[in-house]
Amino acid sequence: DQEDALSGDFIYSDDMIHFLYEIPLLTESFGAIAYQRLFNTNIANILSSKYLHAAIEVDGDDLMVHKEFTQGGVTQNKGKCSVSIVHVKNGAALGHTGINVTAGKKAPAFAYSTQLVDAQCSAFMADVINSFYQINDDIFVSGAKIISR
């Protein structure tokens, strides 16, 4: 995205889990970004409580893991485990959130590797997908019961 381009950051990961979504009728950037933040917060809560057992801060569209790690020979107290972007096109919000499994040697020093094993990756993906459907079902039901006059 433009923010990363301006700061000279780049995206790289040897192994990443990707979540892609399309929300029809979400046609304004504000709503699409609000949905992205909600979705990423749910991902952070799942990843924090069930898999990493470390605090995860949602900083804009970034998920920051508060756990000491070393990447590229640099030891840090927190790191970014995600990439995320949302865009509105043709009457829908199109979103992507990626979670590093293994950032790799080519990744920036701030890139945090979750180091989830295959079984954890499968369970994590199922948890996030279930959360996605629960969020959208709840939003749909809440919107359907409103009567406007």
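In this predicted model, Met 125, Ile 129 and Tyr 133 make up a nonpolar surface patch of about 300 Å². Met 125 is found in helix 3. Is Met 125 buried, exposed or partly exposed? With a relative accessible area of 30%, Met 125 counts as partly exposed, because that label covers the values between 20% and 50%.

Next comes the sheet. Three strands form an open sheet, and reading across it gives the order 1-8-7, with antiparallel pairing. Strand 1 (15-24) and strand 7 (82-89) sit at the edges, so to speak: each of these two pairs on one side only. Going from one strand to the next, the twist averages 10 degrees.

How many bridges join strand 7 to strand 8? There are eight of them, and the two strands run antiparallel, with strand 8 covering residues 92-102. To pick out a bridge partner by name, His 87 is matched with Leu 94 in strand 8.

Then there are the helices that go with these strands. Helix 3, the helix that holds Met 125, spans residues 118-144 and packs on the sheet. Which strands does helix 3 touch? The contacts are with strand 1 and strand 8, and the direction of helix 3 makes about 15 degrees with that of strand 1. Helix 2 (residues 29-52), for its part, lies across strand 1, strand 7 and strand 8. Helix 2 runs at about 155 degrees to strand 7.

Note on methods:
Residues are numbered from 1 along each chain as its sequence is written. This is a predicted model: local features need pLDDT of at least 70, side-chain atom pairs count only at pLDDT 80 or more; totals for chains, interfaces and linings use all residues. Side-chain values use heavy atoms; hydrogens and water are left out. Two strands pair if DSSP finds at least two bridges between them. Helices (H or I, at least four residues) and strands (E, at least two) are DSSP runs, numbered from the N terminus. Axes are lines fitted to C-alpha atoms, for helices over the stretch in contact, and angles run from 0 to 180 degrees between N-to-C directions. Contact means heavy atoms within 4.5 Å. Patches are made of residues with over 30% relative accessible area and no salt bridge: like charges are joined within 9 Å, nonpolar side chains (Val, Leu, Ile, Met, Phe, Trp, Tyr) within 5 Å. Accessible areas come from the Shrake-Rupley method with a 1.4 Å probe; for residues, only the protein chains shown count as cover. A salt bridge is a side-chain nitrogen of Lys or Arg within 4 Å of a carboxyl oxygen of Asp or Glu. Buried means under 20% relative accessible area, exposed over 50%, partly exposed in between (1.4 Å probe, protein chains only).
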